[in-house]
Amino acid sequence: MSANKLARLSALLAVALLLGFLENMLPPVLPTMPYCRLGLGNVALLLALLWFGLPYAALIALLKCVIIGVFSGAPISILYSLSGSALSLLSSFLLLKLSLNGLPAVSAVGGILHNVGQVMIAMLITKTSAIAYVLIYLSVFGAFAGALTGVIAYFVDRAIPSKEKENEY
Amino acid sequence: MSHNKKNRKSTYSLFRIWDVIVIVVVLLLVALALYFTLSPEKGSRAEVYVSGEKKAELVLSKDAELELNGLKLIVSGGKIWVHSSDCPDKICEKTGKIYKKGQTIVCLPNQVIVRIVGKGEVEAIS
Amino acid sequence: MKKVAAFALALSLLFAFAACNDTERYVNGFSMGSFYYAEYRSSSEQNERIDRVLLSIEKEYSVNLSSSCLFRINQAKAGEEIELTEEEFSLFSALFSLSAKTDGAFDPSLFPLVKAWGFDPPFDPKGKVPPSDSEILTALEASSLSFFTLNKETSSISKSKDDALLDFGASIKGYGAEKVMQAIEKNVKSALINVGGTIAAVNRSYLVGITHPRNDSYEYLFSFTLEQGEICATSGDYERVFVSEGVSYHHIIDRKTGRPSNSGVVSATVISENGLYADSLATAAVVLGVEKTVNLFSELGVKGALITEDKRIVPIGLNIIQIKDSSYSVANDAKEGA
């Protein structure tokens, strides 16, 4: 990897971490699911996916989850966010490949699935299925939050010249 | 490094028709998954076991009569009870009407257990 | 084509929810004077194993079956040595020492007194009358653990009085539940074992409700979480009762009075990883009353909850989740530092 590329990837990671930490400092939107946030850090993840492809985006996502989890003092959150990010990234990648949708929609689906992933982990940990009820509101919430990050990502993508990007869908 | 403003058009769009379709589909899929996970709660039923084997299952919402192994069971008004039995001590008859999850009527000589099942708020009662 | 396959992969992830559950199975039966029931999730059948464990315990410890060691020691004459297997011996020792710790509130040697009151199995409340004072006295004279001697070298037990009798009815359901748990925990994903109301939570926690002691139109009075590996037993003055001339008599006899206990505690729930303890201590708690029970529980490292005559629920190291009858109040957790 060239130093230049490493620098650009690190910049994205830094932005993701920054936004993630800022979000964590705010009180949770839903008291029952404390690890559920607006997901602003996903702007950076989505951009990583757009500009560098799935493998690099996955790497950045992994690092982001681990670092934020370790520093937030609740290592269990790593499990939750990894699960959410994995589903979210995968679905975003597939939708982008299909080239049918605008960015906000791709991100909205990613947002929904991010919450799905987190609830699945919660179900495994608490060994009850009752927690799945929360997905009724979380899905809608995740769709809106995702759409928001998608809009932001769209405008950032427009602002960055294409020679900084190494990937096309 | 030149930033040609005219070339800043993104290869991605802000909105396409497919967006609505895809999001609706995904939400429907999530709803479907939820449906299967949180399966509908069954109403109260009474299970009848003879010598440890399940022989009958009666829905309490439907009036019914069942004769087996020397016992006559009656379901009425959401409850089940032993109407008559050929056992010597008749404890099963004396137990009376049961209807709550976990309640049982037991006839030791005839090896019959009647038990109320169904999703309740607790999983067992001590 | 590749796109369709990719999409299908994405969709199938969602259905990971409903999938991957082992089959839910049930088993039912009779043992030790009451029904038993187990529901479990496992890829293999455990019914036979569960039946076997419980029926073999009944064979060994039921007062009515001639195969049981209890039957043999009860039928024996003073001085006769009855041989015990290693497991039987350690069970006897455990119960004897537990009885001492409860200051006789739990006492397996009270069987003569239990019989005098008519609470020995099979129990039929019809036509029962309380025993006379002299009958109680005679029974008390034969009811003492001091009449029994356990001999470690010969692994045997003997008694010094012909009419001294033993009964493990207050403990055996907990023992059974624990043995079943040990037998199946490696083979099941999760299981709930219910032996006559004594419940064991295998490999996961379960939500358990406690019978309302005075009003059975309530499904339960309060609920709590029984953690994985724990066994809970409940004893109450509502379980075996007969009424004579307008007075009701229940089956938990206080050896200090020779009569049904009257400590203010009407129902006791004990939770422990040791099933024997849970069951025996539940009986003891009803006899001892609130204060002594709290001390005893802390000493023995068990937790639970008591329901009193005056409609209070006293938790001891236990988190009460829900109360269905609002006329009952919950006291502060009696455990120190809770």
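**Close-ups of a predicted model**

**View 1. Strands β1 and β7 of chain B, side by side.** In β7(B), B:I113 is the bridge partner of B:Y49. This pair is a good place to start in what is, throughout, a predicted model. Strand β1 (residues 45-50) and strand β7 (residues 112-117) of chain B run antiparallel and are paired over six bridges.

**View 2. The four-stranded open sheet of chain B.** Stepping back from that pair, we find an open sheet of four strands, ordered β2-β1-β7-β6 in chain B, with antiparallel pairing. At its edges lie β2 (53-59) and β6 (104-107) of chain B, each of which pairs on one side only. From one strand to the next, the twist averages 15°.

**View 3. The hairpin of β3 and β4 in chain B.** Here strand β3 (residues 64-68) and strand β4 (residues 71-76) of chain B run antiparallel, joined by five bridges. One partnership to look for is that of B:E65 with B:I74 in β4(B). Two residues sit between the strands of this hairpin, and B:N69 takes a positive phi near 50°.

**View 4. Chain B as a whole.** Having met several of its strands, you can now place them in the full chain: the secondary structure of chain B consists of two helices and eight strands. Along the sequence, the pattern reads α-β-β-β-β-β-α-β-β-β. Chain B has 126 residues, and 30% of them count as buried. Among the contacts in chain B with a separation of 6 or more, 27% are between residues 24 or more positions apart.

**View 5. Where chain B meets chain A.** At this interface, 19 residues of chain B are in contact with 23 residues of chain A. The chain B side that touches chain A is made up of 11 nonpolar, five polar and three charged residues.

**View 6. The largest nonpolar core, with C:A278 in focus.** This core holds 118 residues, and those touching the most other members are C:A38, C:V180, C:I193, C:I199, C:V270, C:A278 and C:A285. Helix α8 (residues 275-288) of chain C supplies the largest share, 10 residues. Leaving aside residues up to four places away in sequence, C:A278 touches C:G174, C:T198, C:I231, C:C232, C:A233, C:V270, C:I271, C:S272 and C:V302.

**View 7. A second core, separate from the one above.** This core has 51 residues, including A:A48, A:A61, A:L87 and A:L95.

Note on methods
Residues are numbered from 1 along each chain as its sequence is written. Chains are lettered from A and ligands numbered from 1 in the order in which they are written. This is a predicted model: local features need pLDDT of at least 70, side-chain atom pairs count only at pLDDT 80 or more; totals for chains, interfaces and linings use all residues. Two residues are in contact if their C-beta atoms, placed from the backbone, lie within 7 Å. Ala, Val, Leu, Ile, Met, Phe, Trp, Tyr, Cys and Pro count as nonpolar, Asp, Glu, Lys and Arg as charged, and the others, Gly among them, as polar. A nonpolar core is a set of buried Ala, Val, Leu, Ile, Met, Phe, Trp, Tyr and Cys residues joined through C-beta atoms within 7 Å. A residue is buried if 20 or more other C-beta atoms lie within 10 Å of its own, exposed if 12 or fewer, and partly exposed in between; C-beta atoms are placed from the backbone. Two strands pair if DSSP finds at least two bridges between them. Axes are lines fitted to C-alpha atoms, for helices over the stretch in contact, and angles run from 0 to 180 degrees between N-to-C directions.
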